[in-house]
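The following exercises concern the arrangement of strands in a single structure. Please study the sequence and the model before reading each solution.

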Amino acid sequence: MKYLLMICGDETAEEHAQDGCGGWSEEMEERGVVRGGAGLRPPQEATTVRVRDDELLLTDGPFAETKEQIGGFVLIECADLDEAIEIAGKHPAAAYGTIEIRPVLEGPFG
């Protein structure tokens with residue numbers, strides 16, 4: 001099953017942006033569970049897109065004002081949620097932020 005790991009942190013997480021993953025990426029590549037992923041630029045560089053009444057509306061910045069923001073993501077494929085939790089728990093960001101695990105809907109894009 002595929003899971004998306006959304007790596008989240010507050011403003012203090014930015015100090016870890018250049019830390020790397022301390023061998024986590026290499027271990028997960030060796031296990032064959034990583035299907036993709038990337039770090040993201042800061043939320044203030046985001047553009048939010050909405051369409052209301054057929055009008056395209058653009059907003060600079062993130063879609064919501066919150067203390068925590070998504071700093072990156074990893075797409076994994078593993079046996080079940082227990083394995084996804086084990087994988088997320090090994091990620092260094094789990095020690096200073098949070099990692100949200102979401103099952104990926106299978107379909108035309110899965």
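Two strands pair if DSSP finds at least two bridges between them. The model is predicted.

**Exercise 1.** Determine which strands pair with strand 1, and by how many bridges.

*Solution.* Step 1: strand 1 and strand 5 (residues 69-77) are joined by 8 bridges and run antiparallel. Within this pair, lysine 2 has glutamate 77 as its bridge partner, and glycine 9 has glutamine 69.
Step 2: strand 1 and strand 6 (residues 98-103) are joined by 6 bridges, again antiparallel. Here methionine 6 is found opposite glutamate 100 of strand 6.
Step 3: at least two bridges are required for pairing; 8 bridges to strand 5 and 6 bridges to strand 6 therefore satisfy the criterion.

**Exercise 2.** State the order of the strands in the open sheet, and identify its edge strands.

*Solution.* Step 1: the sheet consists of 4 strands in the order 2-5-1-6, with antiparallel pairing.
Step 2: strand 2 (34-39) and strand 6 each pair on one side only, and these are the edge strands.
Step 3: from one strand to the next, the twist averages 20°.

**Exercise 3.** Is strand 1 mostly covered or mostly uncovered, and which strands does helix 2 lie across?

*Solution.* Step 1: a residue counts as buried under 20% relative accessible area. In strand 1 (residues 2-9), 7 of the 8 residues are buried, so by this cut-off the strand is mostly covered.
Step 2: helix 2 (residues 81-90) lies across strand 1, strand 5 and strand 6. Its direction is at about 155° to strand 6.

Key:
Residues numbered from 1 in each chain as written. Predicted model: local features only at pLDDT ≥ 70, side-chain atom pairs only at ≥ 80, totals over all residues. Heavy atoms only, no water. Buried < 20%, exposed > 50% of the residue type's maximum accessible area, 1.4 Å probe, protein only. Helix = DSSP H or I, 4+ residues; strand = E, 2+ residues; numbered from the N terminus. Axes fitted to C-alpha atoms, helices over the stretch in contact; angles between N-to-C directions. Contact = heavy atoms within 4.5 Å.
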